[in-house]
Amino acid sequence: MTENEEMIKAQNQVIGILFEVIKRLQANSDLDEEYFEIIASDDIPVKGRKRLDDILVERKENAEIVGRLLKQFEND
């Protein structure tokens with residue numbers, strides 16, 4: 001593999017990682033919006049409480065994935 005090909009491969013990997021990071025951060029932003037809409041309602045039904053729990057789990061998973069992806073930059 002030539003030096004140019006290696007650079008292109010590395011750039012593609014960086015772009016892929018950054019795309020995934022942005023996707024996860026946007027998902028968390030959307031989840032935040034939904035979370036606050038549920039919290040702002042006067043009466044949170046059982047279904048709403050379950051969704052709040054689900055949102056917190058999804059946000060945590062996304063944050064962990066973003067952390068792992070960003071660590072790839074430190075290791076490379």
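I began by fixing the term contact, which I take to mean heavy atoms within 4.5 Å. With that in hand I looked up the contacts between residues at least 6 apart in sequence, and noted that 61% of them join residues at least 24 apart.

Before going further I wrote down the basis: this is a predicted model, in which local features need pLDDT of at least 70 and side-chain atom pairs count only at pLDDT 80 or more, while totals for chains, interfaces and linings use all residues. Residues are numbered from 1 along each chain as its sequence is written, and side-chain values use heavy atoms, with hydrogens and water left out.

Overall form. I found 2 helices and 0 strands in the protein, where helices (H or I, at least four residues) and strands (E, at least two) are DSSP runs numbered from the N terminus. The C-alpha atoms fill a box of roughly 65 × 15 × 15 Å along the principal axes. I then looked up the radius of gyration, taken over C-alpha atoms, and set it against the globule rule of 2.2 Å times the number of residues to the power 0.38; the protein has 18 Å, whereas a compact globule of 76 residues would have a value near 11 Å.

Burial. I used buried for under 20% relative accessible area, exposed for over 50% and partly exposed for what lies in between, with a 1.4 Å probe and protein chains only. On that scale 18% of the 76 residues are buried.

Helix 1. I looked up two residues here, starting with Gln-26, which is found in helix 1 (residues 3-40) and counts as partly exposed because its relative accessibility is 44%. Its C-alpha atom is separated by 9.8 Å from that of Asn-62, which is 36 residues away along the chain. Asn-28 is also found in helix 1, but I noted it as buried because its relative accessibility is 8%. Leaving aside neighbours within four places in sequence, Asn-28 is in contact with Glu-58, Arg-59, Asn-62 and Ala-63.

Aromatic rings. I found 1 aromatic pair in the structure. Tyr-35 and Phe-36 form this pair, edge-to-face, at 5.6 Å centre to centre and with 85° between the planes. For the terms, rings of Phe, Tyr and Trp (its six-membered ring) pair if their centres lie within 6.5 Å, and planes under 30 degrees apart count as stacked, over 60 as edge-to-face and the rest as tilted. I also checked accessibility, and Tyr-35 is partly exposed at 23% relative accessible area, while Phe-36 counts as exposed at 55%.
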